[in-house]
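Please open the structure in your viewer and keep the sequence beside it, since this tour moves from one selection to the next and says what is to be found at each stop.

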Amino acid sequence: IQRAFVDKDSVESFDIVYLCLEENKENIVRSIQETGYNFPILTVSENAIQLSSNHFGKQVLDSIFDPGLGIKFSRVPTNFVPLDIESKNWEIAERFLPILIKYMSQNQTQFQLTSVCKDLIEFWDSLGPDARKQLKGKINTVVQLASEGQFSSFLVRAKQTIIPERVWEIRNNPISFPVPKRRVLFQKIRALQKEFIESLKTGASQESFKFVM
């Protein structure tokens with residue numbers, strides 16, 4: 001559940017499901033039955049997803065997939081927006097901090113807020129102006145909380161820039177140190193990452209900052 005970013009307190013139960021193509025169904029079903037596993041097997045055909053073997057923990061799911069759930073795959077989106085205006089600060093932080101580490105690995109000395117937005121959301125430019133403004137404000141809040149909290153030794157907002165854009169400077173980049181210290185600093189960053197996200201979840205760091213495009 002944790003790996004799927006699902007709050008364990010928000011679900012009554014969950015199933016491990018094996019998904020396979022129609023042409024592989026017989027071999028997959030036979031192999032799983034031989035091993036004794038009883039998780040449900042869903043088969044994907046050209047126009048449906050159908051339960052081919054075993055059962056879900058909730059009967060209502062059997063009733064949906066047993067006859068086959070019709071799907072027009074030509075209309076299924078192949079990409080998605082991982083964050084929206086309802087996203088919580090900790091959800092944004094979970095995606096921002098790996099990007100910060102990527103910037104460090106690339107030996108970047110600074111980054112623009114808009115660059116973070118585009119790296120967080122692949123289709124940033126396709127969003128409407130109101131959505132971009134609200135999301136940018138939420139992302140700015142998380143970056144600022146990080147720079148004023150657990151990541152104050154590594155991240156600071158640039159006071160003066162020649163462009164009308166929020167710019168953040170990376171300090172004490174582990175890449176700039178010898179390997180032994182570099183390893184220690186990256187370990188420290190990983191620990192701070194957990195601590196920061198947890199503080200956002202528990203409400204210890206939930207401030208919001210006024211943001212103007």
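Helices and strands are here DSSP runs, a helix having at least four residues and a strand at least two, and they are numbered from the N terminus. Read in that way along the sequence, the protein follows the pattern β-α-β-β-α-β-α-β-α-α-β-β-α, which comes to six helices and seven strands.

**The whole chain**

Begin with everything selected, and bear in mind that this is a predicted model. The average pLDDT of the protein is 87, and 87% of the residues score at least 70. Of the 213 residues, 34% count as buried, and among the contacts between residues at least 6 apart in sequence, 53% join residues at least 24 apart.

Now select residues 208-213, where pLDDT stays under 50, although the model has 16 contacts for them beyond four places in sequence. Where pLDDT is low, the predicted coordinates should not be read in detail.

**Strand β2**

Select next Thr43, which is found in strand β2, residues 41-44. Thr43 counts as buried because its relative accessibility is 2%, and buried means under 20%. Show its side chain together with that of Ser52, and you will find a polar contact of 2.3 Å joining the two. Leaving out residues up to four places away in sequence, Thr43 also touches several others, among them Cys20, Leu21, Glu22 and Lys25, as well as Ala48, Ile49 and Gln50.

**Helix α5**

Move on to α5, which covers residues 129-148, and pick out Val142 within this helix. Is Val142 buried or exposed? Val142 is buried, with a relative accessible area of 0%. Not counting residues up to four places away in sequence, Val142 touches Asn89, Ile92, Ala93, Phe96 and Phe196. Measure with your viewer from Val142 to Phe96, and you should find a C-alpha to C-alpha distance of 8.3 Å, although 46 residues separate the two in sequence.

Stay in helix α5 and select Ser147, which is found there as well. Ser147 is buried, with a relative accessible area of 10%, and a polar atom of its side chain lies 2.8 Å from the backbone oxygen of Gln144. When its neighbours within four places in sequence are set aside, Ser147 is in contact with Ser152, Leu155, Val156 and Trp168.

**An aromatic cluster**

Which residues form one aromatic cluster? Select Phe96, Tyr103 and Phe111, for these three make up the cluster. The protein has five aromatic pairs. In the pair of Tyr103 and Phe111, the ring centres are 5.1 Å apart and the planes stand at 40°, so the pair is tilted. Tyr103 counts as buried at 2% relative accessibility, and Phe111 likewise counts as buried, at 3%.

**Helix α6**

Colour residues 179-202 next, which form helix α6 with its 24 residues; from its first C-alpha to its last this helix reaches 35 Å, close to the 34 Å expected at 1.5 Å a residue. The buried residues of α6 include Leu185, Phe186, Ile189, Leu192 and Gln193, and further along Phe196, Ile197, Ser199 and Leu200. What covers these buried residues includes α3 (89-105) and α5 (129-148), so both helices are worth showing together with α6.

Then show the side chains of Lys201 and Trp90, where Lys201 lies over the face of Trp90, at 4.6 Å from the ring centre. Helix α6 is followed by Gly203, whose phi is positive, near 90°.

**Two loops with a positive phi**

Most residues other than glycine have a negative phi, and most peptide bonds are trans. With that in mind, select Asn107, which lies in the loop between α3 and β5 (110-112). Asn107 has a positive phi of about 60° although it is not a glycine, and it is partly exposed, with a relative accessible area of 45%.

For the last stop, go to the loop between β7 (167-170) and α6, where Asn172 lies. Asn172 is not a glycine, and yet its phi is positive, at about 50°. With a relative accessible area of 41%, Asn172 is partly exposed.

Technical notes. Residues are numbered from 1 along each chain as its sequence is written. This is a predicted model: local features need pLDDT of at least 70, side-chain atom pairs count only at pLDDT 80 or more; totals for chains, interfaces and linings use all residues. Side-chain values use heavy atoms; hydrogens and water are left out. pLDDT is the predictor's confidence in each residue, from 0 to 100. Contact means heavy atoms within 4.5 Å. The expected span of a helix is 1.5 Å times one less than its number of residues. Buried means under 20% relative accessible area, exposed over 50%, partly exposed in between (1.4 Å probe, protein chains only). Rings of Phe, Tyr and Trp (its six-membered ring) pair if their centres lie within 6.5 Å; planes under 30 degrees apart count as stacked, over 60 as edge-to-face and the rest as tilted. A charge sits over a ring if NZ of Lys or CZ of Arg is within 6 Å of the ring centre and within 35 degrees of the ring normal. A polar contact is a pair of N or O atoms within 3.5 Å; within protein, one must be able to donate a hydrogen and the other to accept it, and residues adjacent in sequence count only if both atoms are side-chain atoms.
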